[in-house]
Amino acid sequence: MSRRPVPTFAEAPSTSRARVAASILDADLGNLAHAVTRAEREGADRIHLDVMDGHFVPNLTFGAKTIKALRRRTRLPFDAHLMISNPGEFIEEYLDAGCDSVTIHAEITEEIEPTLRAIRAAGRAAGLCVKPKTPLTALAPYQRLLDIVMVMTVEPGFGGQAFMADVAKSKLLQAREYLSHKLHGGEIHVDGGVNRESAELVGSLGVDILVVGSALWLKGRDMAREIRLIRALADEGYQYGLNNGLPPIPRDKMVTFASLPRPHARTLREEIETAGIPVLLFRSPADPADMDDEVRRWDLLLPASAEAVAKERFGRRRSALTRATARPA
Ligand code: DX5
Ligand code: ZN
């Protein structure tokens with residue numbers, strides 16, 4: 001029986017580090033369903049949903065019901081950006097609507113911690129956003145409950161405003177400190193005025209998610225090309241600004257961290273996942289396809305971007321398990 005190839009990912013993994021989240025605030029609000037399907041077709045990595053209550057910001061957009069209706073139109077992850085004064089009262093509705101992450105604002109007067117806990121308890125990513133004038137230190141009391149830090153580079157409330165480069169330079173790199181508890185998967189989002197002119201700068205400041213609004217919906221604009229351009233410029237900024245000229249590790253790239261018999265593979269996976277690094281288990285192609293699953297080796301795959309920290313934390317454990325399960329020569 002021919003050897004079965006190692007399962008690969010359904011879609012071609014992205015070769016970039018930076019991600020583009022399409023904000024639909026400046027899309028045709030009369031046809032949001034079309035806007036999200038178009039953004040997916042044109043290559044956006046996420047949909048950024050700007051919820052405004054006309055109170056926290058001087059504008060009113062849409063809420064959980066609209067998001068729920070849009071949820072079945074695309075498979076892209078939904079990042080909700082709640083610019084509302086009382087997110088705690090409505091958080092269950094946004095979770096029920098299918099948001100993959102929910103970011104609230106640090107400037108609200110309502111209690112913040114219970115809402116962050118509710119988001120995480122639902123298995124979603126919890127974020128806090130700071131307006132341009134709000135110092136990052138406002139995040140400190142909630143640091144350990146954060147998966148996302150969102151930095152506004154415009155005053156929230158409207159799309160199409162000018163990008164505040166000084167705010168970006170003073171906050172984006174420092175924002176990473178507030179996610180130091182996350183070994184993997186913590187995200188810095190930049191929101192406001194991001195386009196092909198500002199992409200390289202924010203990339204050089206280590207941003208993970210670039211929220212892009214008006215720059216995508218301009219009449220006659222080739223959205224797919226704009227998304228590719230903005231992503232490539234951000235990665236170039238990262239390459240030369242933070243990575244000593246080396247190309248960034250693609251976000252979807254996975255590496256084999258260990259090869260072990262199943263019981264040991266499962267034990268090590270559990271330990272690594274408890275530390276916050278996702279792990280996939282596959283039958284190792286090094287053993288014949290028809291070999292008994294209990295005898296054969298299993299590969300532990302994890303994101304290449306987490307390999308260095310995994311080696312640091314679990315390198316010795318891996319060696320000990322590998323030695324203990326080595327087959328006699
Ligand atoms: C503004 C919103 C942004 C906005 C971005 O308050 O939070 O997400 O839609 O749009 P541009 O990219 O046009 O600034
Ligand atoms: Zn936003």
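Six donors around a metal count as octahedral if opposite donors are over 155 degrees apart and all others between 65 and 115; this rule is needed for the first of the views below, all of which show a predicted model.

**View 1. The zinc ion (ligand 2) and the atoms that coordinate it.** The residues that coordinate the zinc ion (ligand 2) are H48, through NE2, D50, through OD, H81, through ND1, and D191, through OD, and the coordination is at 2.0 to 2.2 Å. Because the six donor atoms around this ion subtend angles of 73 to 168°, the arrangement is octahedral.

**View 2. The donor residues of the zinc ion (ligand 2) along the sequence.** When the donor residues are followed in sequence, their spacing reads H-x1-D-x30-H-x109-D. H48 belongs to strand β2, which covers residues 46-52, while D191 belongs to strand β7, which covers residues 187-191, and so this pair ties together parts that are 143 residues apart in sequence. Are H48 and D191 buried or exposed? With buried taken to mean under 20% relative accessible area, H48 is buried, since its value is 0%, and D191 is likewise buried, with a relative accessible area of 8%.

**View 3. Helix α4 and its buried residues.** Helix α4 runs over residues 113-121, and its buried residues are T115, L116 and I119. These residues cover an arc of only 100° around the axis, which means that they are on the same side of α4. Against which elements do the buried residues of α4 pack? They pack against helix α3 (87-96) and also against β4 (101-105) and β5 (125-130). After α4 comes G123, a residue whose phi is positive, near 75°.

**View 4. The protein chain around these sites.** The protein chain contains ten helices and eleven strands, and its C-alpha trace spans about 70 × 45 × 40 Å along the principal axes. For 329 residues, a compact globule would have a radius of gyration near 20 Å, and the 21 Å of the protein chain agrees with this. Of these 329 residues, 49% count as buried. If one considers the contacts between residues at least 6 apart in sequence, 67% of them join residues at least 24 apart. The accessible surface of the protein chain comes to about 15,900 Å², and carbon and sulfur atoms account for 51% of this surface.

Conventions: Residues numbered from 1 in each chain as written. Chains lettered and ligands numbered in written order. Predicted model: local features only at pLDDT ≥ 70, side-chain atom pairs only at ≥ 80, totals over all residues. Heavy atoms only, no water. Buried < 20%, exposed > 50% of the residue type's maximum accessible area, 1.4 Å probe, protein only. Helix = DSSP H or I, 4+ residues; strand = E, 2+ residues; numbered from the N terminus. Arc of directions from axis to C-beta. Contact = heavy atoms within 4.5 Å. Donors = N, O, S within 2.8 Å, 3.2 Å for Na, K, Ca; no water. Tetrahedral: all angles 85-135°; square planar, octahedral: opposite > 155°, others 65-115°. Rg over C-alpha atoms; globule rule 2.2 N^0.38 Å. Areas by Shrake-Rupley, 256 points an atom, 1.4 Å probe, with all protein chains shown as cover.
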